[in-house]
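This report is a short walk through a model with the sequence and coordinates at hand. It moves from single residues to helices and then to the sheet.

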Amino acid sequence: MIKKKGLTIQFVPYEEIAKLSSKERIRKLLEIVKEEKIILLEGRLKSDEKSELIAKTMEEINKKFRGVEIDEWAFTDRDEDWIKKIRHFLVNVLLGSRKGLTIIGPASIIKEIKKDPNNIQLLTK
Amino acid sequence: MVNIFSNFLQRFLNRLFKKKKQIKLGLYGPPNSGKTTLANKICEDWLGEEMGTVSNISHETREIQIKEQITITNDRGRKLTFNLVDTPGIATKIDYEDFLKVGMKEKEAKKRAKEATKGVIDSIKWLDNMDAVVVVLDSTKEPYSQVNITIIGNLQARKIPVLVVGNKVDLKSSDLDKVQDAFPQYKVLGISAKFGKNIDQFYKELFKITR
């Protein structure tokens, strides 16, 4: 955990969410964000998990919690052989994508997330 | 011979059933991308009336709006009938203070924010009900947002036919190439729902996605 000027970034390794159901994953991530921490998640959520995360976020918006900012990066390995590609495809289908990185933070702290292939910029309020 | 006839009859009945089904055409996108402006344009063109109110303040549409039985005709006389579903814009954050900044009173702003959150939830729930979806993106804005990616990803996962439109091409800051680059798997159609630019092409594309 890195703490700087009251800003907390919590790294969540993929193992921590791998065995959880989609519902449990979303609950876990939202609980962290609601503690005003920024999540750096190893891997990416599935499309339906992201829409569910948005829906759950909306359900919980109140005076203090105004929503989330979210972004993700998909890292692809061009040199992967086809056996590895198939294995990764099956793992992705079953568990979501372990490759990549997701940032989820409270909208009360993060104004915008900007990215390019080499940089991640978190614009704070 | 009996089998051939039986198959033919089955296919005929399937087609008949499919044709009679009410197609639900959804308009999805982030807030203020011009979904209701496009819905109004469609309704004005084919029904002679508007569908909903449009505003520069985000989250103007906070409830699912449905206009039933819109029939459009192409230049070959083919007809397409659908129920048009205009959905509230999907967002990951809603802050009532943003509405205060545009001159709303606190009570009104809080009410709007509360209704907007419910609207987002409804939009997401309704994804499963759609037969085809037009994703309306603002071509003057950054297209790589997680909201846009999530909407399109969900439609892809559900195998729902999609037409992506880059709206507001009448504005100088419009960058349709950027929208196209963000979603290379789709042919992005540039339109101006407000001024009707490319709207004939838009109707042609509707026939293609609802085939």
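## A buried glutamine and its surroundings

B:Q146 has a relative accessibility of 5% and therefore counts as buried. The model described here is a predicted one. B:Q146 belongs to helix α5 of chain B. Apart from neighbours within four places in sequence, B:Q146 is in contact with A:K50, A:I70, A:D71 and A:E72.

One of these partners, A:K50, is itself among the buried residues of helix α3 of chain A. The others buried there are A:E49, A:S51, A:L53, A:I54, A:A55, A:T57, A:M58 and A:E60. What covers them? On the chain A side, the cover includes α2 (22–34), β4 (68–73) and β5 (97–106). From chain B, α4 (106–126) and α5 (146–157) are also included.

The length of α3(A) can be checked. With 14 residues (47–60) and 1.5 Å a residue, the helix should span 20 Å, and its end C-alpha atoms are 20 Å apart, so the two agree.

## The two chains

Chain A has four helices and seven strands, in the order β-β-α-α-β-α-β-α-β-β-β from the N terminus. Of its 125 residues, 40% are buried. Chain B has seven helices and six strands, and its elements run α-β-α-β-β-α-α-β-α-β-α-β-α from the N terminus. Of its 211 residues, 48% are buried.

In chain A, among contacts with a separation of 6 or more, 70% are between residues 24 or more positions apart. For chain B the corresponding share is 70%. One example of residues separated in sequence but brought together in space is in chain A: A:P13 and A:E42 are 29 residues apart in sequence, while their C-alpha atoms are 5.1 Å apart. A:P13 sits in the loop between β2 (7–12) and α1 (14–18) of chain A. At 22% relative accessibility, A:P13 counts as partly exposed, because the limit for buried is under 20%.

## The sheet of chain B

In chain B, six strands make an open sheet with mixed pairing, in the order β2-β3-β1-β4-β5-β6. The edges are β2 and β6 (189–190), each of which has a single partner strand, so one side of each lacks a neighbour in the sheet.

Strands of a sheet pair through backbone hydrogen bonds, either parallel or antiparallel. Two pairings of chain B are set out below.

| Strand pair (chain B) | Direction | Bridges | One bridge pair |
|---|---|---|---|
| β2 (65–73) and β3 (79–86) | antiparallel | seven | B:I72 with B:L80 |
| β1 (23–28) and β3 | parallel | five | B:I23 with B:F82 |

Two helices pack on this sheet. α5(B) touches β1, β4 (132–138) and β5, and its direction makes about 165 degrees with that of β4(B). α7(B) touches β1, β2, β3, β4, β5 and β6, and its direction makes about 160 degrees with that of β5(B).

## Two helices of chain B that cross

How do α2 (residues 35–46) and α7 (residues 199–209) of chain B lie, and at what angle do their axes cross? The axes come within 12 Å and cross at roughly 90 degrees. This makes α2(B) roughly perpendicular to α7(B), because angles of 65 to 115 degrees count as such. On the α2(B) side, the residues in contact are B:L38, B:K41, B:I42, B:D45 and B:W46. They meet B:I199, B:F202 and B:Y203 of α7(B). By class, this contact has six nonpolar, two charged and no polar residues.

## Positive phi values in chain B

Three residues with positive phi can be looked up in chain B. B:G77 takes a value near 85 degrees in the hairpin of β2(B) and β3(B), where five residues lie between the strands. B:H59 is not a glycine, yet its phi is positive, near 65 degrees. B:H59 lies in the loop between α2 and β2 of chain B, and its relative accessibility of 8% means that it counts as buried. B:K168 is likewise not a glycine and has a positive phi of about 70 degrees. The loop that holds B:K168 runs between β5 (162–167) and α6 (176–182) of chain B.

Conventions
Residues are numbered from 1 along each chain as its sequence is written. Chains are lettered from A and ligands numbered from 1 in the order in which they are written. This is a predicted model: local features need pLDDT of at least 70, side-chain atom pairs count only at pLDDT 80 or more; totals for chains, interfaces and linings use all residues. Side-chain values use heavy atoms; hydrogens and water are left out. The expected span of a helix is 1.5 Å times one less than its number of residues. Buried means under 20% relative accessible area, exposed over 50%, partly exposed in between (1.4 Å probe, protein chains only). Contact means heavy atoms within 4.5 Å. Two strands pair if DSSP finds at least two bridges between them. Axes are lines fitted to C-alpha atoms, for helices over the stretch in contact, and angles run from 0 to 180 degrees between N-to-C directions. Angles under 35 degrees count as roughly parallel, over 145 as roughly antiparallel, 65 to 115 as roughly perpendicular and the rest as oblique. Ala, Val, Leu, Ile, Met, Phe, Trp, Tyr, Cys and Pro count as nonpolar, Asp, Glu, Lys and Arg as charged, and the others, Gly among them, as polar.
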